[in-house]
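Let's take a friendly walk through a protein and the small molecule that sits with it. Keep the 3D view open and turn it as you read.

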Amino acid sequence: MDKVKHDMELRPNPRTGRYRLISANWKMNLNHLEAIQATQKLSFLLRPADYSYAEISIHPPFTDLRPLQLLIDSDRMRFSLGAQNCHFEPSGAFTGEISAPMLAKLNVSHVVVGHSERRQYFFETDEIVRAKVEAVFRSQMTPIICVGESLEEREQGQTEAKLRSQVESAVSFLAPELAERCVVAYEPIWAIGSGVSAKPDDAQHGAMTIRSVFESLWGREVAGKVRIQYGGSVNPTNAADFMHLEDIDGLLVGSAALDPESFARIIQA
Ligand code: PGA
């Protein structure tokens with residue numbers, strides 16, 4: 001058992017020293033029965049080497065969290081459980097909301113914060129995103145902070161400015177020990193769910209811009225530890241192009257993560 005455990009240990013990227021993180025953002029898809037099936041199938045498809053290559057987090061709808069927690073525990077699966085959102089207050093009269101401490105109690109380790117769909121459809125502002133980052137850290141979890149420019153902003157040459165302001169606003173208040181634990185997902189809005197991913201050069205440029213914000217706030221060492229994912233129409237064919245980029249440490253995958261076979265192929269790419 002110990003030997004097996006050792007063989008399966010997560011290994012950092014030898015080039016960067018950072019641990020890779022590949023995340024499945026299921027959005028509002030898969031009920032708890034479908035979620036159990038998909039997770040079982042994914043676990044069947046993955047080999048020990050896949051878990052050494054990257055940490056794999058699954059972000060299902062809230063109603064799937066408890067059944068998946070039990071499944072992951074009982075079958076000793078090596079997935080990290082993630083959430084797609086949380087409220088910034090720990091408890092209170094916020095009908096319909098779920099707090100960070102509630103998620104932590106379910107062994108959730110990663111929480112997506114500020115996804116562009118939340119910003120667009122649920123009017124999440126930079127201030128709300130910032131409060132959620134703080135709430136996630138207060139519950140000892142890791143935020144996956146989503147940032148990205150719209151097509152219009154891109155066409156007007158405002159990509160860098162948008163990324164800088166979103167990142168700065170979400171993290172500038174953090175102590176360096178927390179700043180270095182952030183995961184930031186660079187998700188150009190025009191690439192999400194569109195079938196048109198960013199070009200690797202654009203993804204690298206976005207990731208580099210994000211890392212440079214951490215560098216200007218806390219210096220090279222902290223910036224060198226922050227993990228940056230790319231997200232937006234990732235599929236088994238383009239996944240490797242992004243994973244080879246200097247500043248990309250992982251992927252945030254939406255529609256292609258709903259099918260365990262295609263998500264497994266992304267991880268194995
Ligand atoms: P997509 O979604 O992979 O379907 O483009 C990515 C995301 O929204 O995180």
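Begin at E187: a polar atom of its side chain lies 2.7 Å from an oxygen atom of the ligand. Bear in mind that this model is predicted. Now look for G254, where the contact comes from the backbone: an N or O atom there lies 2.9 Å from a ligand oxygen. S255 also uses a backbone N or O atom, again 2.9 Å from an oxygen atom of the ligand. How much of the ligand does the protein bury? Taken alone, the ligand exposes 280 Å², and the protein buries 98% of that.

Next, step back to see the whole shell. There are 13 residues around the ligand, and those that come nearest are K27, H115, E187, G193 and S233. You have already met E187, with its side-chain atom 2.7 Å from a ligand oxygen. Sorted by class, the shell consists of seven polar, four nonpolar and two charged residues.

Now turn to the empty space in the model. Rolling a probe the size of a water molecule over the atoms reveals where such space is left. The largest pocket holds about 460 Å³ of space. Its lining is made of 20 residues, and K27, M28, Q84, N85 and R118 are the closest to its centre. Which helix gives the largest share of this lining? Helix α6, residues 116-121, does, with three residues. By class, the lining of the largest pocket has nine nonpolar, seven polar and four charged residues.

Finally, find K27 once more: K27 is among the residues nearest the ligand, and K27 is also one of those closest to the centre of the largest pocket.

Conventions. Residues numbered from 1 in each chain as written. Predicted model: local features only at pLDDT ≥ 70, side-chain atom pairs only at ≥ 80, totals over all residues. Heavy atoms only, no water. Near = heavy atom within 4 Å. Polar contact = N/O pair within 3.5 Å; in protein donor to acceptor, adjacent residues only side chain to side chain. Areas by Shrake-Rupley, 256 points an atom, 1.4 Å probe, with all protein chains shown as cover. Nonpolar A, V, L, I, M, F, W, Y, C, P; charged D, E, K, R; others polar. 1 Å grid on protein atoms, 1.4 Å probe; cavity = no way out; pocket = protein on both sides within 12 Å on 5 of 7 lines; lining within 4 Å. Points joined across faces, edges and corners; volume = space filled by probe spheres on them. Helix = DSSP H or I, 4+ residues; strand = E, 2+ residues; numbered from the N terminus.
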